[in-house]
Amino acid sequence: MNVADGRTRPQPDRESEAFWSGLAGHRLILQECQECGRRRFPRMPSCPYCGAEGGADVEATGAGTVYSWIRVERPLTPNMAAEVPYVVATVDLDGGGRLHARLHEGGDVTIGMAVEALYVDHREGWTELRFATAAPGGRR
Amino acid sequence: MRAAIAGVGYSEFTRDSGRSVLSLATEACRNALDDAGVAAREIDGVATFAVMNDSVPAQAVATTLAVPSLRFAVDADLGGQAPCYLVWLAAMAVETGRARNVLVYRALNGRSGARVGTMQFSGMGAQFRYPIGYDGYMMYVAMWAQRFLHETGQGELDLASVALAQRAYAELNERAVRRRPLTLDAYLASPHVVDPFRADDCTVEVDGACAVLVTSVEQARSLRHAPAVVASGAYRAGPRPGLDIGDHALWDDYTRNYTSHLRDELFGSAGVSPGDVQVAEIYDCFTSTVLIGLEGLGLCERGGSGAFVRSGATAQGGALPTNTHGGLLSEGYLHGMNTVAEAALQIQGRGGDRQAGPHEVCVVTSGALMDGSALILTADR
């Protein structure tokens with residue numbers, strides 16, 4: 001998918017660069033602690049679970065489960081006026097790690113539903129991670 | 001030496017003050033001093049907080065009040081987590097002799113100026129939220145609310161119960177910005193802003209200021225009103241509170257906020273139990289935080305907060321009058337400083353038409369999500 005919407009592109013920093021460049025290549029990159037093995041998002045210099053320094057960049061499958069969701073009916077900022085209504089979900093990724101992303105709706109959104117990642121390339125030069133309902137029986 | 005809130009002060013709450021924030025802050029602080037009967041020259045401490053530089057610093061108010069010597073000053077870069085925390089810090093300064101009289105205030109042109117509801121917070125987590133349209137604090141609280149309602153088996157009628165109960169108090173409160181009676185039908189007829197929230201689930205942004213004066217119990221006894229004793233205070237950020245005020249990607253449980261984590265310390269330090277609480281002032285930027293707070297503090301059963309509110313327990317004359325000023329939902333969004341002031345008024349027996357009777361133990365909270373603070377205020381006993 002390729003869209004232009006005039007929105008400000010994210011400004012990657014030294015910590016987040018690997019995440020954003022991963023998305024540009026349609027890969028979902030998380031960090032994994034080399035001591036306790038837990039995955040985390042956002043990227044940061046040490047493990048928020050055990051405190052161990054560093055961490056390995058690993059690629060998540062993009063499969064996950066909806067932990068919670070909201071539907072934005074009224075835009076809070078002018079940037080999003082053309083987008084409403086839209087759903088933002090909190091997704092727990094298979095293998096660990098939680099993040100927030102837009103959900104492409106194909107019906108009712110329910111807590112616990114299986115979703116998988118998709119990648120939206122914005123003409124402004126960044127790639128957005130979104131999710132869609134997982135196809136029955138595996139990846140679409 | 002124990003500390004107490006001896007006086008409270010407000011400016012008018014409006015949608016367009018036409019005044020500087022410094023003018024509002026000075027007025028509220030002067031009113032708190034007059035309320036207590038303390039001269040400005042006796043002030044030696046000032047504590048305040050701001051979000052994205054939307055207020056004036058402690059030194060500015062020390063200047064406009066002509067405070068001769070400031071021994072204790074705090075400018076916290078915090079939102080609604082701050083009011084109880086700052087009163088507690090002020091109480092500790094008084095208890096340890098580091099200050100004698102401390103003003104704690106919040107002042108902002110929150111409606112006509114920078115509006116927290118739509119401002120873009122800075123911080124390392126912001127880059128992941130704003131570009132995708134996850135771009136308002138309301139959305140983060142809504143995300144928690146949806147999960148909370150799902151997991152505890154509650155729903156829109158439970159959110160509505162809070163909005164209705166608090167509006168009934170606001171009808172009795174001349175300071176409140178929203179006083180039009182609210183019915184369940186009207187609530188349900190109004191569209192979602194961010195599902196599960198409707199407009200009446202949300203605080204109303206205002207211009208205004210609110211202040212309290214913290215001093216020793218000993219001095220407060222000689223002032224105009226009975227002391228509202230600071231029996232205990234607590235601040236808590238649970239595990240992995242995130243990289244900024246809106247980052248909750250690493251928080252495990254959206255159905256429990258800081259109130260669950262600080263409850264034991266808060267009540268234990270005060271030597272009271274949740275069952276002893278006679279009035280509660282629970283931080284309510286949105287209706288859901290009242291439900292989560294009531295459950296987190298152990299004031300009702302897990303999953304039973306909506307039924308508790310619907311039963312009339314939190315209304316005037318109920319077992320636990322709650323948010324007796326109408327809350328931030330109806331009185332106005334002073335980021336919980338007015339919630340603390342109302343708690344003091346209720347302990348002092350000065351709640352006017354909205355005072356159900358004498359109250360000896362009050363719990364008051366500040367904050368909605370990962371971190372926050374709370375106080376137990378008691379009568380002088």
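At what angle do helix α5 (residues 137–152) of chain B and helix α10 (residues 287–296) of chain B pack? In this predicted model, the two helices meet at an angle of about 50 degrees, and their axes are 9 Å apart. Helix α5(B) also matters for the contact between the chains, since it gives the largest share, seven residues, of the side of chain B that touches chain A. The points below take up helix packing, the sheet of chain B, the contact between chains, the domains of chain A and some local backbone features.

**Helix packing in chain B**

- Because angles from 35 to 65 degrees fall outside both the roughly parallel and the roughly perpendicular ranges, α5(B) and α10(B) count as oblique to each other, and their crossing is left-handed.
- On the side of α5(B) the contact is made by V141(B), W144(B), A145(B) and F148(B), while α10(B) contributes S288(B), T289(B) and I292(B).
- Sorted by class, the residues of this contact of α5(B) with α10(B) comprise five nonpolar and two polar ones, with no charged residue among them.
- A second pair is formed by helix α3 (residues 82–95) of chain B and helix α13 (residues 337–348) of chain B, whose axes come within 8 Å and cross at roughly 60 degrees, so that α3(B) and α13(B) are likewise described as oblique to each other.
- The residues that make this second contact are P83(B), C84(B) and V87(B) from α3(B), together with M337(B), T339(B) and V340(B) from α13(B).
- The contact of α3(B) with α13(B) holds five nonpolar residues and one polar residue, and no charged ones.

**The sheet of chain B**

- Nine strands of chain B form an open sheet with mixed pairing, in the order β3-β2-β4-β7-β1-β8-β11-β10-β9.
- The edges are taken by β3 (72–76) and β9 (279–281) of chain B, each of which has a single partner strand, so one side of each is left without a neighbour in the sheet.
- From one strand to the next, the twist of this sheet averages 25 degrees.
- Within the sheet, strand β4 (residues 102–109) of chain B and strand β7 (residues 207–216) of chain B are paired in the antiparallel sense over eight bridges, and V102(B) stands opposite V214(B) in β7(B).
- Helix α1 (residues 21–36) of chain B packs on the sheet, where it touches β1 (3–10), β4 and β7 of chain B, and its direction makes about 130 degrees with that of β1(B).

**The contact between chains A and B**

- The contact draws 29 residues from chain B and 34 residues from chain A.
- On the side of chain B that touches chain A, the elements giving two or more residues are α4 (126–129), α5 and β5 (192–195) of chain B.
- The residues on this side of chain B divide by class into 16 nonpolar, eight polar and five charged.
- Strand pairing also links the chains, as strand β5 (residues 63–72) of chain A and β5(B) pair in the antiparallel sense over two bridges, with R71(A) standing opposite D195(B) in β5(B).

**The domains of chain A**

- The domain assignment divides chain A into domain 1 (12–60) and domain 2 (62–140), and the centres of these two domains of chain A, taken over C-alpha atoms, are separated by 20 Å.
- Eleven residues from domain 1 of chain A and twelve residues from domain 2 of chain A take part in the contact between them.
- On the side of domain 1 of chain A that touches domain 2 of chain A, at least two residues each come from α1 (17–24), β2 (28–32) and β3 (39–40) of chain A, and the largest share, three residues, is that of α1(A).
- This side of domain 1 of chain A is made up, by class, of seven nonpolar residues, one polar residue and three charged residues.

**Local backbone features**

- In chain A, a cis peptide bond with omega of about 0 degrees joins F41(A) and P42(A), and P42(A) lies in the loop between β3 and β4 (56–60) of chain A.
- In chain B, a cis peptide bond with omega of about 20 degrees joins D195(B), the residue opposite R71(A), to P196(B), which is placed in the loop between β5 and β6 (197–198) of chain B.
- N323(B), a residue other than glycine, has a positive phi near 55 degrees, and its place is in the loop between α11 (305–310) and α12 (327–330) of chain B.

Conventions:
Residues are numbered from 1 along each chain as its sequence is written. Chains are lettered from A and ligands numbered from 1 in the order in which they are written. This is a predicted model: local features need pLDDT of at least 70, side-chain atom pairs count only at pLDDT 80 or more; totals for chains, interfaces and linings use all residues. Axes are lines fitted to C-alpha atoms, for helices over the stretch in contact, and angles run from 0 to 180 degrees between N-to-C directions. Helices (H or I, at least four residues) and strands (E, at least two) are DSSP runs, numbered from the N terminus. Angles under 35 degrees count as roughly parallel, over 145 as roughly antiparallel, 65 to 115 as roughly perpendicular and the rest as oblique. A crossing is left-handed if the near helix is turned anticlockwise from the far one by less than a right angle, and right-handed if clockwise. Two residues are in contact if their C-beta atoms, placed from the backbone, lie within 7 Å. Ala, Val, Leu, Ile, Met, Phe, Trp, Tyr, Cys and Pro count as nonpolar, Asp, Glu, Lys and Arg as charged, and the others, Gly among them, as polar. Domain bounds come from an automatic or database domain assignment. Two strands pair if DSSP finds at least two bridges between them.
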